[in-house]
Amino acid sequence: MSRRGIWHPWRHLARHHPHLTVLFADLPSGLLGFTHLADGVIVLDRRLSQVERRCTLTHELEHVHRGPVPADRRLAAREERVVDELAARRLVSLRELMEALLWSDNEHEVADELWVDVPTLRTRIAELAAEEQVAIDARLADAPRWQP
């Protein structure tokens, strides 16, 4: 994290995982990145935007922290959902989400403001804890609305 609380996956990678190498390649459609821990390599699709690279690298770093994905297909799918949620939480704090939702309810605008892709924003919102949802509802209810 930086002084402002913004997560910087590239800084985290350099500071905490200098043994890992990031490579860029043309990956198959739908595959944004993957990690091969045995070789110490994270591969990202070279066509990703800056925001997509940030989100995908964070996702892959969560895999590094959690260890290998289970071989069982159902367990692997569950692990991907957990990693998606952890990455979304790391990338989007509750405070930042509340502030972004104050000025827009358009998911593309909110994602841009939060420097994440729309799937990461959707995951963060879908996995809000009950107390987080209460806090957001209260913050939005108290906010003055802009009138044209």
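These exercises walk through the fold, two helix pairs and the core of a predicted model.

Residues are numbered from 1 along each chain as its sequence is written. In this predicted model, local features need pLDDT of at least 70 and side-chain atom pairs need 80 or more, totals for chains, interfaces and linings use all residues, and side-chain values use heavy atoms, without hydrogens or water.

**Exercise 1. Describe the overall fold.**

Step 1. Take the elements. The protein has 7 helices and 3 strands. Helices are DSSP runs of H or I with at least four residues, strands are E runs with at least two, and both are numbered from the N terminus.

Step 2. Put them in order. The pattern along the sequence is α-β-β-β-α-α-α-α-α-α.

Step 3. Add burial. Of the 148 residues, 39% count as buried. Buried means under 20% relative accessible area (1.4 Å probe, protein chains only).

**Exercise 2. Classify the packing of α2 against α3.**

Step 1. Locate the helices. α2 spans residues 50-66 and α3 spans residues 73-91.

Step 2. Read the geometry. They pack at an angle of about 120°, with axes 9 Å apart. Axes are lines fitted to C-alpha atoms over the stretch in contact, and angles run from 0 to 180 degrees between N-to-C directions.

Step 3. Name the arrangement. That angle makes α2 oblique to α3. Under 35 degrees counts as roughly parallel, over 145 as roughly antiparallel, 65 to 115 as roughly perpendicular, and the rest as oblique.

Step 4. List contact residues (heavy atoms within 4.5 Å). Among them are R54, C55 and T58 of α2, and V82, V83 and L86 of α3. By class, the contact has 6 nonpolar, 4 polar and 7 charged residues.

**Exercise 3. Do the same for α5 and α6.**

Step 1. The angle is about 95°, and the axes are 9 Å apart.

Step 2. That makes α5 roughly perpendicular to α6.

Step 3. E107, H108, V110, A111 and L114 in α5 meet V118, L121 and R122 in α6. This contact has 5 nonpolar, 1 polar and 2 charged residues.

**Exercise 4. Find the core and place V110 in it.**

Step 1. The largest nonpolar core has 25 residues. Such a core is a set of buried Ala, Val, Leu, Ile, Met, Phe, Trp, Tyr and Cys residues joined through side-chain atoms within 4.5 Å.

Step 2. I42, L97, V110, L114, V116 and L121 have the most contacts inside it.

Step 3. β3, α2, α4, α5 and α6 each give two or more residues to this core.

Step 4. Leave aside neighbours within four places in sequence. V110 then contacts L97, A100, L101, S104 and L121.

Technical notes
Nonpolar A, V, L, I, M, F, W, Y, C, P; charged D, E, K, R; others polar. Buried < 20%, exposed > 50% of the residue type's maximum accessible area, 1.4 Å probe, protein only.
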